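Trainee: Before we go through this model, I would like to know how each label in it is earned. Could we set the values against their cut-offs?

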Amino acid sequence: MTLGALIFDVDGTLADTEEAHRLAFNEAFRQFGLDWNWSRPTYARLLLTTGGKERIAAYIETLDVSTAERADFKRRIDAIHAAKTEHYMRTVLAGEVPLRDGVLRLLDEAAQMRIRLGIATTTTFANIEALLGTHLGPDALDRFAVIGAGDQAKRKKPAPDIYEYVLRELDLPPEECVAFEDSANGLMAAKGARLFTIVTPSYWSSAEDFSAADLVLPSLGSAERPLPPAAVELLGASVLGIREIDRQLNAVRET
Ligand code: XBP
Ligand code: MG
């Protein structure tokens with residue numbers, strides 16, 4: 001088998017998390033006495049900036065305020081973002097953010113077949129711990145050979161840095177790995193690291209350009225919600241499993 005490791009993005013890929021992030025940002029703004037309130041359309045635009053702190057900074061740039069006020073807002077970003085992370089974690093730990101279809105099945109299958117797992121995400125490490133701990137139990141993170149998160153990458157997605165970090169730590173060439181993403185920024189990051197990339201678009205990213213992806217699916221598929229006929233015909237299966245992934249990876253290598 002060619003396949004050495006699966007590398008997962010988190011937000012939008014392992015779970016549809018961005019509505020919970022959006023509400024957590026708004027709770028933190030209220031907590032800090034700021035009259036900022038990110039609506040869904042505003043958040044969809046702001047999501048094009050990866051990283052919560054960078055996203056707040058990008059929003060501050062759009063405000064019609066004095067230079068002094070802008071500088072004051074920027075000085076408070078880290079504290080606001082820390083508060084947001086607390087609000088977000090509380091929502092996740094309450095079980096309100098489910099894993100996407102097929103994620104748990106594929107993680108289990110990879111473990112059974114000794115395929116290593118990695119995470120390459122822009123989000124904060126504490127958020128990963130909360131999400132995976134809630135759904136996979138106290139040893140959740142032990143399932144992953146490498147976790148690359150948040151500020152570990154000098155440049156966030158769409159830069160390839162976080163994927164290159166994970167590949168170095170796995171000590172595997174990109175040709176033996178597959179990345180899973182949900183957004184155009186994430187796809188660019190994974191392709192920048194020369195990875196075969198499977199995209200499962202989320203509610204927030206569904207209108208983005210995924211023409212550079214090696215495979216685009218509505219989800220990983222599950223017994224309850226199998227993949228649509230076109231995907232079944234392409235894969236020869238109603239869900240995306242390790243065998244199907246390895247076959248797709250080989251097909252690209254042979255071209
Ligand atoms: C998506 C992001 C993150 C989240 C918010 O990360 O860009 O910034 O939106 O999380 P992924 P933080 O690479 O997993 O899709 O506020 O912790 O950044
Ligand atoms: Mg994502």
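Mentor: Start with one cut-off: buried means under 20% relative accessible area, exposed means over 50%, and partly exposed lies in between. Keep in mind that this is a predicted model.

Trainee: Why is Glu181 called buried?

Mentor: Glu181 has a relative accessible area of 1%. The limit for buried is under 20%, so Glu181 counts as buried.

Trainee: What makes Lys157 and Glu181 a salt bridge?

Mentor: The closest N and O atoms of Lys157 and Glu181 are 2.7 Å apart. A side-chain nitrogen of Lys or Arg has to be within 4 Å of a carboxyl oxygen of Asp or Glu, so the pair qualifies. Lys157 sits in the loop between strand E3 (146–148) and helix H8 (161–170), while Glu181 is in strand E4, so the pair links distant parts of the chain, 24 residues apart. Lys157 is also buried, at a relative accessible area of 6%.

Trainee: How do you know that Arg194 is exposed?

Mentor: Its relative accessible area is 57%, and exposed means over 50%. Arg194 therefore gets that label.

Trainee: What does Arg194 form a salt bridge with, and what is the label of that partner?

Mentor: The partner of Arg194 is Glu175, with the closest N and O atoms 3.2 Å apart. Arg194 lies in the loop between H9 and strand E5 (196–199) and Glu175 in the loop between H8 and E4, so the pair ties together parts 19 residues apart in sequence. Glu175 has 34% relative accessibility and counts as partly exposed.

Trainee: Why are Asp214 and Lys191 called a salt bridge?

Mentor: Their closest N and O atoms are 2.6 Å apart, and the limit is within 4 Å. Asp214 is in the loop between E5 and strand E6 (215–216) and Lys191 is in helix H9, so this pair ties together parts that are 23 residues apart in sequence. Asp214, at 28% relative accessibility, counts as partly exposed. Lys191 counts as partly exposed too, at 30%.

Trainee: How many salt bridges does the structure hold, and which residues are linked in a network of them?

Mentor: The structure holds 17 salt bridges. Lys53, Glu54, Asp151 and Lys156 are linked in a network.

Trainee: How do you know that Lys84 has no salt bridge?

Mentor: The nearest side chain of opposite charge is Glu18, and that is 6.6 Å away. The criterion asks for within 4 Å, so Lys84 is left without one although it is buried. Lys84 is placed in helix H5 (residues 77–93). Beyond its neighbours within four places in sequence, Lys84 is in contact with His21, Ala24, Phe25, Ala28 and Asn127.

Trainee: Where does Ala83 lie, and why is it called buried?

Mentor: Ala83 lies in helix H5 as well. Its relative accessibility is 9%, set against a limit of under 20%. Not counting residues up to four places away in sequence, Ala83 touches Ala28, Gln31 and Phe32.

Trainee: What makes Glu244 buried?

Mentor: Glu244 has 5% relative accessibility, so it counts as buried. Glu244 is found in helix H11 (residues 242–254). Leaving out residues up to four places away in sequence, Glu244 touches Leu235, Ala237 and Val239.

Trainee: How do you know which residues coordinate the magnesium ion (ligand 2)?

Mentor: The donors are Asp9 (OD), Asp11 (O) and Asp182 (OD), at 2.1 to 2.3 Å. For this metal the limit is within 2.8 Å, so these three residues count as donors. Their spacing in sequence is D-x1-D-x170-D. Asp11 lies in the loop between strand E1 (5–8) and helix H1 (18–31) and Asp182 in the loop between strand E4 (177–181) and helix H9 (184–192), so the pair ties together parts 171 residues apart in sequence. Both Asp11 and Asp182 are buried.

Trainee: What makes Thr121, Thr124 and Asn127 polar contacts of ligand 1?

Mentor: A polar side-chain atom of Thr121 lies 2.6 Å from an oxygen atom of ligand 1. For Thr124, an N or O atom in the side chain is 2.6 Å from an oxygen atom of the ligand. For Asn127, the distance from a polar side-chain atom to a ligand oxygen is 3.2 Å. A polar contact needs a pair of N or O atoms within 3.5 Å, so each of the three passes. In total, 20 residues surround ligand 1, and Asp9, Gly52, His81, Thr121 and Thr124 are the closest.

How values were computed. Residues are numbered from 1 along each chain as its sequence is written. Chains are lettered from A and ligands numbered from 1 in the order in which they are written. This is a predicted model: local features need pLDDT of at least 70, side-chain atom pairs count only at pLDDT 80 or more; totals for chains, interfaces and linings use all residues. Side-chain values use heavy atoms; hydrogens and water are left out. Donors are N, O and S atoms within 2.8 Å of the metal (3.2 Å for Na, K and Ca); water is not among the atoms, so sites may look incomplete. Helices (H or I, at least four residues) and strands (E, at least two) are DSSP runs, numbered from the N terminus. Buried means under 20% relative accessible area, exposed over 50%, partly exposed in between (1.4 Å probe, protein chains only). Lys and Arg count as positive and Asp and Glu as negative; His and the chain ends are not counted. Contact means heavy atoms within 4.5 Å. A residue is near a molecule or strand if one of its heavy atoms lies within 4 Å of it. A polar contact is a pair of N or O atoms within 3.5 Å; within protein, one must be able to donate a hydrogen and the other to accept it, and residues adjacent in sequence count only if both atoms are side-chain atoms.
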